[in-house]
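Open the model in your viewer and set it to cartoon. The tour goes from the sheet to the charged side chains.

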Amino acid sequence: MSNRTPADLAPKLLEGDRRALARAITLVESGRADHRAQAGELLEMVAQSGRQALRIGLSGTPGVGKSTFIEAFGLMLSAQGLKVAVLAVDPSSSRSGGSILGDKTRMERLSRDPNAFIRPSPSQTHLGGVARRTREAVSLCEAANFDVVLIETVGVGQSETLVAEMVDLFVLLMAPAGGDELQGVKRGIMEMADLILVNKADGDLKPAAMRTVADYAGALHLLRKRPQDPKGFPKALPVSALADEGLLKAWEEMTTLADWRRENGYLERRRAEQARHWFEAEVREGLLARLRNDPAIRAQMESLGATVAAGESAPSAAAAKMLDLLRN
């Protein structure tokens, strides 16, 4: 690991060295205590650069064409001279490998683009671990001077909420659908979305896609107005990743929204709130790690847990006793 020490990696990372970026992400993905300490040191070093990318969360149901969209969208951004990184938050990775692990081979053109960097999520046994590594990988990509970081969620539900806590814009990619499918979209995910992009708006599916856009636009208007949105947002738009149609329009809408939020202080405020959120998450994770890894504390947990299971103690009383022991 000598060639991955913070002092070695930081200068190369700040120069935009892709190999240094890959090694730095491998370092933050490691669960070893010494590597975690080095990762913290590296993140502190590169944070001083103050570089920021536009962080975009992207979610969508399986079969919606996320890989095709990411590749087409990434290539369009690259053609404009922008550097784009693609990361994933994948709670299923420890079981099945997740989709983006295959996406790196499916998105062949983007993976060969010198302005692009694609990184699958690490295999972890809990979603919080994946989210932490991804969040730290975002910081490293920003330090390496990437302009746009796309964070794809492969799971549904909790992973969307976690990604919303690390991005500036949240985009929902949907397929042409009927009214029944629209009813199945969770209200919470709709409320998080800044843009809904209906993919596959080409060929025979184009009429259905345009109807779906209208349906989503109507649904978005029924949601409560959010203070962080200018007039007209959130909105729904048609795109075709296959035909490269609507991608530029989608990018223009993303930058319009991001610029408005930046000018009105929402972007900076949101990032500050996110930083506090992840600080508290790190503290919680550290406390849980202590509970898991300290033999004496674990023995106390087992003992008190046995009294609760036997009905000899109430869960709340046993928890209070455990917290008292931790204080001492």
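Begin with the strands of this predicted model. Seven of them form an open sheet with parallel pairing, in the order β3-β2-β4-β1-β5-β6-β7. Select β3 (116–119) and β7 (235–238) next: these are the edge strands, and each has a single partner, so one side of each has no neighbour in the sheet. From one strand to the next, the twist averages 20°.

Now add β2, residues 84–89, which pairs with β3 in the parallel sense over four bridges. Show V86 as sticks and look across to β3, where I118 stands opposite.

Switch to the charged side chains. The model has 19 salt bridges; three are visited here.

Select R32 and D34. Their closest N and O atoms are 2.5 Å apart, in a salt bridge. D34 counts as partly exposed, at 36% relative accessibility, and R32 also counts as partly exposed, at 48%.

Move to R271 and D168, whose side chains form a salt bridge at 2.6 Å, N to O. R271 belongs to helix α14 (residues 266–293) and D168 to the loop between α9 (158–164) and β5 (169–174), so this pair ties together parts 103 residues apart in sequence. Both R271 and D168 are buried.

Then select D229 and R261, a salt bridge with its closest N and O atoms 2.7 Å apart. D229 sits in the loop between α12 (206–222) and β7, and R261 in helix α13 (residues 247–263), so the parts tied together are 32 residues apart in sequence. D229 and R261 are both buried.

Finish by selecting R55, E142, D168 and R271 together: salt bridges with shared partners join them into one network.

Conventions:
Residues are numbered from 1 along each chain as its sequence is written. This is a predicted model: local features need pLDDT of at least 70, side-chain atom pairs count only at pLDDT 80 or more; totals for chains, interfaces and linings use all residues. Side-chain values use heavy atoms; hydrogens and water are left out. Two strands pair if DSSP finds at least two bridges between them. Helices (H or I, at least four residues) and strands (E, at least two) are DSSP runs, numbered from the N terminus. Axes are lines fitted to C-alpha atoms, for helices over the stretch in contact, and angles run from 0 to 180 degrees between N-to-C directions. A salt bridge is a side-chain nitrogen of Lys or Arg within 4 Å of a carboxyl oxygen of Asp or Glu. Buried means under 20% relative accessible area, exposed over 50%, partly exposed in between (1.4 Å probe, protein chains only).
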